[in-house]
Amino acid sequence: MEIPDFGVPPELARRMSMAERYEYLRARLTRRRALVTAGAVAGGLLTGCSGGSGTRVARPAPPASVTVSGAALAPFGRHLAFGADPMRQMRVSWQVPLPVRRPYLRVGVRPDDLSRRIPAEVRALRTPALQGARPAVEQYYCHVALDGLRPGTTYYYGVGHDGFDPAAAPHRATVTSFRTAPAAPERFVFTAFGDQGVGPDAAGNNGALLRRAPAFHLHAGDICYADGKGRGKASDLYDARQWDRFLRQTEPVARSVPWMVTTGNHDMEAWYSPDGYGGQLARFALPDNGVDPRTAPGVYAFRYGNVGVVALDANDVSYEIRANLGVTGGRQTRWLARTLAELRAADGIDFVVVFFHHCAYSTSTHASDGGVRAAWEPLFTEHRVDLVINGHNHVYERTDALRGGEVGRAVPVGGSTDPARDGTVYVTAGGGGRELYGFPAGVPESYAGHPADRESVDSFRWNRSGHRTAETVTWSRVRYRGFSYLAVEAEAGAAPTLRVSALTPAGERVDHFEVRRGG
């Protein structure tokens, strides 16, 4: 799907970059005396989050005066994210329905002792009445950066503001907790999916993964679909309030499980900044060790136990969705090369997992993105990446182990692979909750208990000119058309292992395989 036009005529939108759409909207809506946008970043408590020279995000307007008592304004949409060091850093974010006085976070190692009180940074977004179809919306996101935490420790926290104290009755029930990463590798589970949206299927996946008690969750982009269908048509509307609904839906899990997101094509929102990422900068506080947290918020890396995790923004290299093609000028790919080399050489890191939105290898509706393959697949092969997780196609599909685009080892359901010898397994985990896609005509699903192996599948990849190039592939090993999520169990020790399972919200396992180092 294309990114939405937000009021840009579709015949123009198809030819415009995100920066051109941003300028068009600013000029058009300013002439109509629409509300002027508030950009994503206030002068921040987080390193790199305040606008400086070279930033492409406007500063927010000062909040309006408070007209409602703080006691009547309950925070909502709490969501966590690691900082660059998950052993010692956590970012706590939430939303308030209207401006409040002195928002803050209370934190401590016991739920009955939250004496430490930290002021919050507020990042305001103002969305104009785009296309005249929806009213203007003001949203207020609060963030606190917690640094200097102890590894492997459970912390309790509550969020509030003047008139709403989480440490006092009747708000004590809002206190919850998180746990920092351990100092030494130990067994843990993380989960992943993409293409979630808002609705009963998305909420069902949330509940299912929470029952797995993951150490963190990876969201491979297309987060809430405030841009609706995103087909670039004049009928496509942008609903900023979808983010309110999404954050409420996600809070039961994201308030205790770090929710590590990256950017999909539906997450480029043209009004807020020339690159479309101003909205994401306002709503999320992510690790700041990537290309530039002000202009590429979905690019970062972190280490948890014996696993190194790398988040990428595939909008930068996508041949299919071209609005941000080349937006980092090659800096992201150079950063990726350095980061993979560092992780592969690091003591205590057995596995490297990379996640991003557009598919390197898939046969579903969007198929494979040749831009992703050209830019990053050689690096994945060179640095022996263990697992790549994508979204974009709303199905579950999994490849064999691939080296340089060729099958290095067949990996059936229940099989195992050694990336140093066989290559990288690519997983499309796009069954997060949005409407489902299918597979090419005549190609059956093939998953645990329902095998239908095929020697080859006729598909295509997006080429440099933005068109489709037909290809016949032999790497499509598992295909499942249903809502699902990944659960990955990491184990250190003499025989390091990743045990990867694809599960339905009801708990049915549709795929499983192992990645072993030295196996």
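Angles under 35 degrees between helix axes count as roughly parallel. That cut-off is handy for reading this structure, which is a predicted model.

**Two helix pairs**

Let's start with helix H3 (residues 200-211) and helix H4 (residues 241-254), whose axes come within 9 Å and cross at roughly 10 degrees. H3 and H4 are therefore roughly parallel to each other. On the H3 side, the contact is made by Ala-202, Ala-203, Asn-206, Leu-209 and Leu-210, while H4 brings Gln-249, Thr-250, Pro-252 and Val-253. Sorted by class, these residues are six nonpolar, three polar and no charged.

Further along the chain, helix H6 (residues 331-345) and helix H7 (residues 370-382) have axes that come within 10 Å and cross at roughly 10 degrees. The cut-off of 35 degrees applies here too, and H6 and H7 are therefore roughly parallel to each other. H6 takes part through Gln-332, Thr-333, Leu-336, Ala-337 and Leu-340; its partners on H7 are Ala-375, Trp-376, Leu-379 and Phe-380. The table sets out the classes for each pair.

| Helix pair | Nonpolar | Polar | Charged |
|---|---|---|---|
| H3 with H4 | six residues | three residues | no residues |
| H6 with H7 | seven residues | two residues | no residues |

**The nonpolar cores**

In soluble globular proteins, nonpolar side chains tend to be buried together. Here, the largest nonpolar core has 89 residues, and the members touching the most others are Leu-105, Phe-216, Leu-218 and Ile-389. Strand S6 (residues 137-146) gives this core its largest share, six residues.

What is Leu-105 in contact with, leaving aside its neighbours within four places in sequence? The list is Val-92, Trp-94, Arg-116, Arg-117, Ile-118, Val-144, Leu-146, Tyr-157, Gly-158 and Val-159.

There is also a second, separate core of 34 residues. Among its members are Val-299, Leu-336, Val-352 and Val-372. You have met Leu-336 already, on the H6 side of the contact with H7.

**Cysteines**

Two cysteines deserve a quick look. Cys-142 is buried, because its relative accessible area is 0%, and Cys-359 is buried as well, with a relative accessible area of 1%. The count of disulfides comes to zero.

**A loop proline**

Finally, have a look at Pro-440, in the loop between strand S20 (424-429) and strand S21 (457-462). Pro-440 and Ser-459 are 19 residues apart in sequence, and their C-alpha atoms are 7.2 Å apart in space. Leaving aside neighbours within four places in sequence, Pro-440 is in contact with Thr-363, Val-457 and Asp-458.

How values were computed
Residues are numbered from 1 along each chain as its sequence is written. This is a predicted model: local features need pLDDT of at least 70, side-chain atom pairs count only at pLDDT 80 or more; totals for chains, interfaces and linings use all residues. Side-chain values use heavy atoms; hydrogens and water are left out. A disulfide is a pair of cysteine sulfur atoms within 2.5 Å. Buried means under 20% relative accessible area, exposed over 50%, partly exposed in between (1.4 Å probe, protein chains only). A nonpolar core is a set of buried Ala, Val, Leu, Ile, Met, Phe, Trp, Tyr and Cys residues joined through side-chain atoms within 4.5 Å. Helices (H or I, at least four residues) and strands (E, at least two) are DSSP runs, numbered from the N terminus. Contact means heavy atoms within 4.5 Å. Axes are lines fitted to C-alpha atoms, for helices over the stretch in contact, and angles run from 0 to 180 degrees between N-to-C directions. Angles under 35 degrees count as roughly parallel, over 145 as roughly antiparallel, 65 to 115 as roughly perpendicular and the rest as oblique. Ala, Val, Leu, Ile, Met, Phe, Trp, Tyr, Cys and Pro count as nonpolar, Asp, Glu, Lys and Arg as charged, and the others, Gly among them, as polar.
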